Amino acid sequence: MERERNNAIPDRHQTSDWDELRRRLTAAREATSREPTQAEKQSILRARAAILAQDPAGEETAADYTEVLEFRLAHELYGIETTYVSATVPLLELTPIPGTPPFLLGLINHRGQILSVIDLKKFFDLPEKGLTDLNKVIVVQNDEMEFGVLADEIAGVRQIRRDEIQPALPTLTGVREEYLLGVSRERTVLLDGRRLLADSSLVINDEE
């Protein structure tokens, strides 16, 4: 009988624990049910904006690359950004113009428009490396100028990472180096189309 009475007496410590648990549950319900303050709302919005502004780690975007048309000239591989290329055509008829600089080879008729054609080997003062075909013309243009660039062969179009473009090779500096973007990891010499098209000496004016 004595043992049964002892079992019926509530444990003072257990009662205290239940009271503490009920207090915490009540506080939690109140915290989740109340409206956040204006300061708390602004803090949440700032945190969300910071998360959205972050780029996913390691994810590449189109802005990381530039697309270039690669072509061979005098056994070397060159490239120019396709944003400056409007067409590649075979060299069918070239009309030489006497009295022009050696790099200005002559004129062609491209879709009813008369275009100057330049030889980059002569423009860059590159050494001649045997006979080449020079039977392709790359038509480059922007809003103000359009002319043709001679090439031996069109190699294709390729994406190149911008951060992998290195400064021009020492052998290419000193002469016309301002027209070079640099050299790709695969040693393609990249031309600066914007600067080439800004040079008015690369076209033959009608008045000349």
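Which residue forms a salt bridge with Arg 185, and how many Å apart are the closest N and O atoms? The partner is Glu 186, and the closest N and O atoms of the two residues are 3.9 Å apart. The model discussed here is predicted, and this pair belongs to a network of salt bridges described below.

## Overall architecture

The protein contains 5 helices and 10 strands. Of its 208 residues, 31% count as buried. The accessible surface comes to about 14,200 Å², and carbon and sulfur atoms account for 51% of that area.

Among the contacts with a separation of 6 or more, 57% involve residues 24 or more positions apart.

## The S9–S10 hairpin

Strand S9 (residues 180-183) and strand S10 (residues 189-191) run antiparallel and are joined by 3 bridges. One of the residue pairings is that of Leu 180 with Leu 191 in S10. The two strands form a hairpin with 5 residues between them.

Two residues of the connecting loop have contrasting settings. Ser 184, in the loop between S9 and S10, is buried, with a relative accessible area of 0%. Beyond its neighbours up to four places away in sequence, Ser 184 touches Arg 158, Ile 160, Glu 164 and Leu 190. Arg 187 lies in the loop between S9 and S10 as well, but at 48% relative accessibility this residue counts as partly exposed.

## Salt bridges around the hairpin loop

A search of the whole structure finds 9 salt bridges. Side chains of opposite charge can pair when their charged atoms come close. Glu 70, Arg 158, Glu 164, Arg 185 and Glu 186 are linked in one network of such bridges. Within this network, the side chains of Glu 164 and Arg 185 meet at 3.5 Å, N to O. Glu 164 is in the loop between strand S8 (153-161) and S9, while Arg 185 is in the loop between S9 and S10, so the pair ties together parts that are 21 residues apart in sequence.

The members of the network for which accessibility is described here are not buried: Glu 164 is partly exposed at 24%, Arg 185 is exposed at 55%, and Glu 186 is partly exposed at 42% relative accessibility. Glu 164 is also one of the residues touched by the buried Ser 184.

Another salt bridge joins the side chains of Arg 161 and Asp 163, with an N to O distance of 2.9 Å. Its two ends differ in exposure: Arg 161 is buried, because its relative accessible area of 18% falls under the 20% limit, whereas Asp 163 is exposed, with a relative accessible area of 56%.

## Nonpolar core

The largest nonpolar core has 36 residues. Phe 71, Ile 118, Leu 120, Phe 123, Phe 124, Phe 147 and Leu 191 touch the most other members of this core. Leu 191 is also the bridge partner of Leu 180, which places a residue of the hairpin among these well-connected core members.

Leu 120 illustrates the contacts in this region. Leaving aside residues up to four places away in sequence, Leu 120 touches Phe 71, Leu 73, Leu 126, Val 149 and Leu 191.

## Nonpolar residues at the surface

Trp 18, Leu 21 and Leu 25 make a nonpolar surface patch of about 320 Å². Leu 25 lies in helix H2 (residues 12-33) and is partly exposed, with a relative accessible area of 44%.

Leu 92 is a further nonpolar residue with an accessible position. Its place is in the loop between strand S3 (85-90) and strand S4 (104-110), and at 74% relative accessibility Leu 92 counts as exposed. Leu 92 and Ile 108 are 16 residues apart in sequence, and their C-alpha atoms are 8.2 Å apart in space.

## Backbone conformations with positive phi

Most residues other than glycine have a negative phi. Arg 111 departs from this pattern, with a phi near 55°. Arg 111 is in the loop between S4 and strand S5 (113-118) and is exposed, with a relative accessible area of 70%.

Arg 187 likewise has a positive phi, of about 70°, although it is not a glycine. This residue belongs to the turn of the S9–S10 hairpin.

Definitions and conventions: Residues are numbered from 1 along each chain as its sequence is written. This is a predicted model: local features need pLDDT of at least 70, side-chain atom pairs count only at pLDDT 80 or more; totals for chains, interfaces and linings use all residues. Side-chain values use heavy atoms; hydrogens and water are left out. Two strands pair if DSSP finds at least two bridges between them. Helices (H or I, at least four residues) and strands (E, at least two) are DSSP runs, numbered from the N terminus. Patches are made of residues with over 30% relative accessible area and no salt bridge: like charges are joined within 9 Å, nonpolar side chains (Val, Leu, Ile, Met, Phe, Trp, Tyr) within 5 Å. Accessible areas come from the Shrake-Rupley method with a 1.4 Å probe; for residues, only the protein chains shown count as cover. A salt bridge is a side-chain nitrogen of Lys or Arg within 4 Å of a carboxyl oxygen of Asp or Glu. Buried means under 20% relative accessible area, exposed over 50%, partly exposed in between (1.4 Å probe, protein chains only). A nonpolar core is a set of buried Ala, Val, Leu, Ile, Met, Phe, Trp, Tyr and Cys residues joined through side-chain atoms within 4.5 Å. Contact means heavy atoms within 4.5 Å.
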